[in-house]
Amino acid sequence: MQSPAKWLSVMLLVVSTSGYAADEVQSKPVLNQDVINRLSDMGSYLRTLKRFSVEAQVSQDVELDSGYKVKTLGKVDMTVDGRAHLVAHLASDRYVRDFYYNGTQFTQYSPALKYYTTVKAPDNVYDMLHEIEDYYGIQVPMEDLFQFGRNQDQIDALTMAAYVGPSKIAGKVCDHYAFSQPNVDWQLWIAREGNPLPCRLVITSTDSESKPEYSAEYHWNLKPAVKSGAFTFQPGKGDIAIPLKKADADTAAQ
Amino acid sequence: MKTTSIFKPGLGVLLAASVVLMSVTMDAQAQRAARASVNHAGGGGHEARPAAQHNNANVQRNSNNRNNVNVNNSHNNVNVNRDVNVNVDGDHGRYYDDHDHYHPVATAAAVTATVAVTSAVVGSIVNANQMPSSCVQVMRGNTAYMQCGSTWYQPQYQGSNVTYVVVNAP
């Protein structure tokens, strides 16, 4: 646990650096190793969790071709059991999806349309997330929670890692950090007391003129009730299997 | 040859990008969602997303064609099912997940889409909001189709979005 005094000094360093930067044309990027360590520690801690449930209030900007940003709101909840079981439920203003993963199969389901699709999946959640995204273009909500600080390439890509200050989220003090990497600025809040759980995440896509944002506030349950069978999709009456098209569709040539 | 179509495969392609919270619900509006992840395979951000970027650029170009019903000119030689004359200005909410038929932002685009649909190219991919209004779901074996007049569509997931491929009548 870092002492508050230390964080205060780090914070002052950030402030003084930015003050200095104001006089310069090019500011020197901040790469605070303590902040990077804190990110890695949080990621490592999350990967030690055998079983957890997390709920997130999410907002996401969608950019129209006119440049207008529409903010969509939603809620995600996810339960993970071990390394090979995951179930997630996404309910946004505009659509609902359920995701099931049981260590061998991945299913995506739309309760409203009653369409589901099931594909073979790798035997652990990390590889599953990669494959589902790379091969099928499906982004399982909150995949970041499995990945923070796991990959040295990701750390190396950071061009800024700075401490901003304490922040109170849902009644708890969380430390606020700011990161930059190519095409993305992101901010992360990590609980100061107790387990280093993420409190909030904001991602700004900087490669787009209107800089759309994604934001998630997390609520954790480290002792969730888990039903066996909850991770395997069972089609109900009227549910219909439809194909899942591989990403990079042949229509890309259009 | 009188072949007009409101179907724009280019827009369908955009849907392959990872859209986490929102499917396309606003008619004929190209969209791009904010990134929802900072970590990705290979690290360093989003090298694995060039397809989405590319598609977006593609759609931006296509956006000039949004009010032009002749966007499928290159496919006229394979047009089938001409002169279906489906009035598109119908119940646009039908195939949306949310069953919410109130789409104020869609109004302008919907007005431009009141032209008669006279062709649907086999193999072209459309979104729910580009579907005709008078469709019924038909099962053939274990396969689901949407039959809209004499045009048949097969639903599929592209990423997390459901799109519809024009197919020959089963």
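**Loops, hairpins and one helix in a predicted two-chain model**

B:Met131 sits in the loop that links strand S6 (125-127) to S7 in chain B. The model is a predicted one, and in it this loop residue counts as buried because 23 C-beta neighbours lie inside 10 Å, where 20 or more are needed. Along the chain, B:Met131 and B:Cys148 are 17 residues apart, yet their C-alpha atoms are separated by 8.2 Å.

The strand that follows this loop, S7 (residues 135-140) of chain B, pairs with S8 (residues 143-148) of chain B; the two run antiparallel and share six bridges. Within that pairing, B:Val138 has B:Tyr145 of S8(B) as its bridge partner. S7(B) and S8(B) make a hairpin with two residues between them, and B:Gly141 in the turn takes a positive phi of about 65 degrees.

Stepping back to chain B as a whole, its secondary structure amounts to three helices and ten strands. Read from the N terminus, the order of elements is α-β-α-β-β-α-β-β-β-β-β-β-β. Of the chain's 170 residues, 49% count as buried. As for contacts in chain B with a separation of 6 or more, 71% come from residues 24 or more positions apart.

In chain A, strand S11 (residues 213-221) has a partner in S1 (residues 51-64), with eight bridges joining the two in an antiparallel arrangement. Here A:Glu55 stands opposite A:His219 of S11(A). S11(A) also pairs with strand S10 (residues 198-205) of chain A, again in the antiparallel sense, over five bridges. In this case A:Val202 is the residue facing A:Ser215 in S11(A). As a general point, side chains in a regular strand alternate between the two faces of the sheet.

The loop between S10 and S11 of chain A holds A:Asp207. This residue is exposed, since just 12 other C-beta atoms lie within 10 Å, and 12 or fewer is the cut-off for that class. The C-alpha atoms of A:Asp207 and A:Asn183 are separated by 4.9 Å, although the residues are 24 apart along the chain. A:Lys211 belongs to the loop between S10 and S11 of chain A too. Having 14 other C-beta atoms within 10 Å, A:Lys211 is partly exposed. Its phi is near 45 degrees, a positive value in a residue other than glycine. Most residues other than glycine have a negative phi.

Turning to helix H3 (residues 125-136) of chain A, its twelve residues should span 16 Å at 1.5 Å a residue, and the end C-alpha atoms are indeed 16 Å apart, so the two values agree. Its buried residues are A:Val125, A:Met128, A:Leu129, A:Ile132, A:Glu133 and A:Tyr136. They take up an arc of only 115 degrees around the axis, and therefore lie on the same side of H3(A). The general background is that an α-helix has 3.6 residues a turn, so residues three or four places apart point the same way.

After H3(A) comes A:Gly137, with a positive phi near 75 degrees. A:Met142 is placed in the loop between H3 and helix H4 (144-147) of chain A. Although A:Met142 is not a glycine, its phi is positive as well, at about 65 degrees. A:Met142 counts as buried because it has 25 C-beta neighbours inside 10 Å.

Technical notes
Residues numbered from 1 in each chain as written. Chains lettered and ligands numbered in written order. Predicted model: local features only at pLDDT ≥ 70, side-chain atom pairs only at ≥ 80, totals over all residues. Pairing = 2+ DSSP bridges. Helix = DSSP H or I, 4+ residues; strand = E, 2+ residues; numbered from the N terminus. Expected span 1.5 Å × (residues − 1). Arc of directions from axis to C-beta. Contact = placed C-beta atoms within 7 Å.
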